[in-house]
Amino acid sequence: MTTQTDGLMQDWALTADKILTSAAAQFPDTRIVVRREGGDIGRSNYAELEQNARRIAHALHNFGISGSDRVATLMWNNYHHLLTWYGVMGMGAVLHTLNPRLHSGQLAWIINDAKDRILVIEKGFTGLIGEIADKIPSVELILIATDDVDVAPIGNIPTKTLMEFAGGVSPDTVWGGFDENRAGSLCYTSGTTGNPKGVLYSHRSNFLHALVANQTNAFGLSAMDVVMPIVPMFHANAWGLPFIAPMAGAALVMPGSRLDGGSVLELIEQEGVTFTAGVPTVLQDVLRIITERGSAPETLRRIVIGGSAVSTDMVRAFDAFDIRVIHGWGMTEMSPLGAISMVLPDEAALGNEEKLARRCRQGRTVFGVEAKIVDEAGKVLPNDNKAAGALLVRGPAVVKRYFNHQKDAVDADGFFDTGDIAKIDEHGFIQLVDRSKDVIKSGGEWISSIALEDALCSHPSIRRAAALARSDEKWGERPIVILEVEDDDPLGTSDVIEHLRPLIPKWWLPDAVGFAQLPLGATGKIDKMKLRAMLDGSEGPELIPTVPVKKETA
Ligand code: ADP
């Protein structure tokens, strides 16, 4: 006998088609609820979704899509997006999610880099694609997900409705039956720190990521849950939820384009949502409304917040409504989940503030992610919550090489440098200090912009805060902060400094304070690159006045 099983165990490829087929068999009637573009509510279930996804697969096949051809989507979280997601992956082509918040030039760049053959878009994005129609030569067909009967061609590109393309086609088609290492989906990083880079996931990596992210220590979803992914499907696969919900048999509620707190809350309450996930900006709006009215949706128990750091205040405020914030950290390159705030047996013995501090860290790595921090020479640093270094990761759902790049993005041991600087405590909880590009180095020591922003956000009048480095002759760099405050709340520089004084080391106090509406990037995070450009006057309608902090107050 060899060390292999010699075919004694079955080959059952870990592919996306199986996720939907099994949901259709095991949970055929489980709800899929969608807020449509016009605002009305549509309803379906997993059995129907599977049949209609197969129709799309069939129509793509008829069109001549095959192998690793890319089909791109430009849609919010809705039924047609789910259909296309599974239709494309189910027939073995590559589903490429595009982010509609990117400006048209960036979109064209990404479509050209991916050489997408078909674009599936919702009607609202017709204008956006119209702007670039003559700059995306690889696109042979545009499909519009709309109830309209007729659509006009966009530029010179043939255009049809999705119904026209797939509505009359039989669901009997080639479905799955390929290797699990085949490319399944493609997602570009949002380019907050440079040019967007494509991450090409395999069916296997998506499948394993979904299993990992739904461990009880992580999302822990079951058939009893009603899940609303607020995080868009184009933002790092909606953190795996379009795979995880059907795997778990959880109902899905798709909020469409209406992502303001009021609309999201309305849907949560109408549909009995138990679990949601998103970046802090949207959930902040939800929190504001439930705080104002003094009541939260009865069914909502857990919210995964990630993408940027969640503030201690936010966790505390949701706690007061008995809603548990689960802080997660990850990145497009990790499919995306890397770490999540887990409950460990020793948590019961911790005091409230200690518990809160732990939960506000970025969490422990999930099963299937190996992580370490290293110094500039690559030496592994201890997990003592003091040493901070570059956070490196390795695992079956972590990128090895970017799409269309010539060189691997991992070191000789297979570790990928996340570009984040972190500390890890003795229990394995990761605390992000900064993105390496955002770090503030004053007198050779790091000031964590994340920690400084957290301290600022605990002021009731401060809605959002951004801490940036400004070069300084004496110290190398010094922090300055730009604040977005609640409407009608006048706040002076000295108020800010007095608020910070008891919360942070003295040398972290900012040298200047400015007030502005903070620019958000394509995934809802504060866009520090743009903010820097606004500050140095190279971009933006107006300069942000930063007021130097007077020596006697600093
Ligand atoms: P992009 O890199 O284009 O911004 P991603 O969503 O992939 O898109 O961003 C990943 C980065 O976001 C991480 O490397 C990290 O810097 C930041 N991030 C993600 N989750 C958190 C979190 N919980 N706290 C702080 N930063 C986070």
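## Contacts, spaces and strands in a predicted model

Q: What makes the side-chain pair E50 and T21 a polar contact?
A: In this predicted model, the side chains of E50 and T21 come to 3.1 Å. The cut-off for a pair of N or O atoms is within 3.5 Å, with one able to donate a hydrogen and the other to accept it. The value passes, so the pair counts as a polar contact.

Q: Why is E50 called buried?
A: Its relative accessible area is 7%, and buried means under 20%. E50 is below that limit, so it gets the label. E50 sits in helix 2, residues 46-63.

Q: Which residues does E50 touch, leaving out those up to four places away in sequence?
A: They are L20, T21, A24 and W175. Touching here takes heavy atoms within 4.5 Å.

Q: How do you know that the structure has a cavity, and how many turn up?
A: Searching the whole structure for cavities of 30 Å³ or more gives 1. The largest cavity holds about 80 Å³. What earns it the name cavity is that a 1.4 Å probe fits inside but cannot get out.

Q: What lines the largest cavity?
A: There are 13 lining residues, and H209, V212, G368, V369 and A397 are the closest to its centre. Helix 7 (residues 203-213) supplies the largest share, 3 residues. By class, the lining has 10 nonpolar, 3 polar and no charged residues. G368 goes in the polar group because Gly counts as polar.

Q: Why is the space of about 780 Å³ called a pocket rather than a cavity?
A: A pocket is an open set of points, whereas a cavity is one the probe cannot leave. The space of about 780 Å³ is the second largest pocket, so it belongs to the open kind. Its lining has 33 residues, with Q284, D285, R288, R463 and E486 closest to the centre. Helix 10 (280-293), helix 11 (312-320) and strand 23 (462-472) each give two or more residues, and helix 10 gives the most, with 8. The classes come out as 15 nonpolar, 10 polar and 8 charged.

Q: How do you know that strand 19 pairs with strand 18 and with strand 20?
A: Pairing takes at least two bridges. Strand 18 (residues 389-394) and strand 19 (residues 416-424) have 4, while strand 19 and strand 20 (residues 430-435) have 5. Both counts meet the cut-off, so both pairs qualify. Both pairings are antiparallel. A390 has I421 in strand 19 as its bridge partner, and I424 stands opposite I430 in strand 20. Strands 19 and 20 form a hairpin with 5 residues between them, and G428 in the turn has a positive phi of about 90 degrees.

Methods:
Residues are numbered from 1 along each chain as its sequence is written. This is a predicted model: local features need pLDDT of at least 70, side-chain atom pairs count only at pLDDT 80 or more; totals for chains, interfaces and linings use all residues. Side-chain values use heavy atoms; hydrogens and water are left out. On a 1 Å grid over the protein atoms alone, a cavity is a set of points where a 1.4 Å probe fits but cannot get out, and a pocket is an open set with protein on both sides within 12 Å along at least five of seven lines; lining residues have an atom within 4 Å of a point. Grid points are joined across faces, edges and corners, and a volume is the space filled by probe spheres set on the points. Buried means under 20% relative accessible area, exposed over 50%, partly exposed in between (1.4 Å probe, protein chains only).
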